[in-house]
Amino acid sequence: MGVKIQGNKIYLPKLGWMRFHKSRPISGIFTIKACAVRRRQNGWYVSIRIEDKSIPDYTTKPLSRNCGHIDKSNRDGEKFICTECGYHEHADIGAAKTIRDRALNLVRGDSAKPGVSA
């Protein structure tokens, strides 16, 4: 992209080095994805869009919600049919339910399990 940040200066390819105020620190694990320069009534502003490469991409695999069997052949377009147990549902709805369940497990932790007091 060509954008560089050093201390309180930013390098923009068409404008060169400029001073700027960082509202929050940008560490080395972030990758700068885009920059936008805007003029407002009280001055010029630079917005920086960054990406954190340390966070893995979470994708769903063709996982049977019934038996837990993972196989690419479980999914055929919009259909999900488990090759082990025969469980079937709309693939996108099943994936959304899996993502929901994973998020609830992260948020709730052990507090949602019976017999566990917080």
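**Notebook: rings, core and a buried asparagine**

I began at the ring of Y11 and found the charged end of K4 sitting over it, 4.8 Å from the ring centre. I note here that I am working from a predicted model, and that every value below is computed from it.

Staying with Y11, I asked how many aromatic pairs a search of the whole structure would find. The search returned one, and that pair is formed by Y11 and W17, with 5.4 Å from centre to centre and 55° between the planes, an arrangement that counts as tilted. I then looked up the exposure of the two partners: Y11 has a relative accessible area of 23% and is partly exposed, and W17, at 41%, is also listed as partly exposed. Because buried means under 20% relative accessible area, neither Y11 at 23% nor W17 at 41% can be called buried.

Next I turned to the nonpolar core. Which residues make up the largest one? I wrote down five residues, namely V3, I10, L12, F20 and I32. In soluble globular proteins, nonpolar side chains tend to be buried together. I followed F20 further and listed its contacts, leaving aside neighbours within four places in sequence: I5, G7, N8, K9, I10 and I48. One of these contacts, I10, is a residue I had already entered as part of the core along with F20.

I then moved to N74, which I located in the loop between strand 5 (43-52) and strand 6 (75-76). Is N74 buried or exposed? Its relative accessibility is 1%, so N74 counts as buried, the limit being under 20%. Looking for a polar partner of the N74 side chain, I found that one of its polar atoms lies 3.3 Å from the backbone oxygen of H69. Apart from residues up to four places away in sequence, N74 touches P62, S64, H69, K79, F80, I81, C82 and T83, so that H69 enters my notes both as a contact of N74 and as the residue supplying that backbone oxygen.

Last, I recorded the protein as a whole. Its secondary structure comes to one helix and eight strands, and from the N terminus on I read the order as β-β-β-β-β-β-β-β-α. Of the 118 residues, 13% are buried. Among contacts with a separation of 6 or more, 21% are between residues 24 or more positions apart. The exposed surface of the protein is about 9,700 Å², and carbon and sulfur atoms supply 51% of it.

Note on methods:
Residues numbered from 1 in each chain as written. Predicted model: local features only at pLDDT ≥ 70, side-chain atom pairs only at ≥ 80, totals over all residues. Heavy atoms only, no water. Helix = DSSP H or I, 4+ residues; strand = E, 2+ residues; numbered from the N terminus. Buried < 20%, exposed > 50% of the residue type's maximum accessible area, 1.4 Å probe, protein only. Polar contact = N/O pair within 3.5 Å; in protein donor to acceptor, adjacent residues only side chain to side chain. Contact = heavy atoms within 4.5 Å. Core = buried A, V, L, I, M, F, W, Y, C linked by side-chain atoms within 4.5 Å. Phe/Tyr/Trp six-rings, centres within 6.5 Å; stacked < 30°, edge-to-face > 60°. Lys NZ or Arg CZ within 6 Å of the ring centre and 35° of its normal. Areas by Shrake-Rupley, 256 points an atom, 1.4 Å probe, with all protein chains shown as cover.
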